[in-house]
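This report is for a reader who has not seen this structure before. It takes up the charged pairs, then the overall layout, the core, the surface and some details of the backbone.

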Amino acid sequence: VRRVLRLYQVQSIANGAVRLELSSGAVPYPSKPSVIDIQPPFKLDVVLGGRRINVVTAGSDADFRALNTRSAEEQATPRNQYQQKYLEETGLPGDLRISEV
């Protein structure tokens, strides 16, 4: 069974009244579970007063890079892989993951 995760980077503004959430899917490599492959969909949401507003959803890394005004050369680079150095696995929101590209 292949585990599919959803990773979030959250930036809180104005004491949490506004949150920016950048998220993507992630799949551990079967042969090396400490390495994860970042997967679509890629999303950027704004959470304002408890209301989630989707700003961007991209079905591929190249599409998301194009939306970030990256050059054609930058858009063509391979997807990032992340080596996990530390991972909390409580299954609760806020589990900490420390990794390097």
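The count of salt bridges in this predicted model comes to three. In general, side chains of opposite charge can pair when their charged atoms come close. The table lists the pairs with their distances from N to O.

| Salt bridge | Distance, N to O |
|---|---|
| Arg19 and Glu21 | 2.4 Å |
| Glu21 and Arg52 | 2.5 Å |
| Asp45 and Arg52 | 3.3 Å |

Which residues are joined into one network by salt bridges that share partners? They are Arg19, Glu21, Asp45 and Arg52. Glu21 pairs with Arg19 and also with Arg52. Arg52, in turn, forms a salt bridge with Asp45.

Are the acidic partners buried or exposed? Glu21 counts as buried because its relative accessibility is 5%, under the limit of 20%. Asp45 has a relative accessibility of 7%, so Asp45 is buried by that rule too. Arg19 has a relative accessibility of 29% and counts as partly exposed. Arg52, with 47%, also counts as partly exposed, since this value lies between 20% and 50%.

The pair of Glu21 and Arg52 also links two strands. Glu21 belongs to strand S2 (residues 18–29) and Arg52 to strand S4, so this salt bridge ties together parts that are 31 residues apart in sequence.

**Overall layout**

The chain holds two helices and six strands. Read from the N terminus, the order of the elements is β-β-β-β-α-α-β-β. The chain has 101 residues, and 23% of them count as buried. Its accessible surface is about 7200 Å², with 54% of that belonging to carbon and sulfur atoms. Of the contacts between residues at least 6 apart in sequence, 28% join residues at least 24 apart.

**Core and surface**

Which residues make up the largest nonpolar core? It has six: Leu7, Ala26, Ile36, Ile38, Phe42 and Ala58. Strand S3 (residues 32–48) gives the largest share of this core, three residues.

On the outside, Leu48, Ile53 and Val55 make a nonpolar surface patch of about 240 Å². One of these, Ile53, is placed in strand S4 (residues 51–58). Why can Ile53 be part of a patch? Its relative accessible area is 33%, and patches take residues with over 30%, so Ile53 passes that cut-off. With this value Ile53 is partly exposed.

**Backbone details**

Where in the chain is there a cis peptide bond? The bond from Pro40 to Pro41 is cis, with omega near 0 degrees. Pro41 is in strand S3.

Two residues other than glycine have a positive phi: Ala14, with phi near 55 degrees, and Asn15, with phi near 55 degrees. Ala14 is in the loop between strand S1 (5–13) and S2, and Asn15 lies in the loop between S1 and S2 as well. Ala14 has a relative accessibility of 54%, so this residue counts as exposed, the limit being over 50%. Asn15 is exposed too, with a relative accessible area of 88%.

Conventions: Residues are numbered from 1 along each chain as its sequence is written. This is a predicted model: local features need pLDDT of at least 70, side-chain atom pairs count only at pLDDT 80 or more; totals for chains, interfaces and linings use all residues. Side-chain values use heavy atoms; hydrogens and water are left out. Patches are made of residues with over 30% relative accessible area and no salt bridge: like charges are joined within 9 Å, nonpolar side chains (Val, Leu, Ile, Met, Phe, Trp, Tyr) within 5 Å. Accessible areas come from the Shrake-Rupley method with a 1.4 Å probe; for residues, only the protein chains shown count as cover. A salt bridge is a side-chain nitrogen of Lys or Arg within 4 Å of a carboxyl oxygen of Asp or Glu. Helices (H or I, at least four residues) and strands (E, at least two) are DSSP runs, numbered from the N terminus. Buried means under 20% relative accessible area, exposed over 50%, partly exposed in between (1.4 Å probe, protein chains only). A nonpolar core is a set of buried Ala, Val, Leu, Ile, Met, Phe, Trp, Tyr and Cys residues joined through side-chain atoms within 4.5 Å. Contact means heavy atoms within 4.5 Å.
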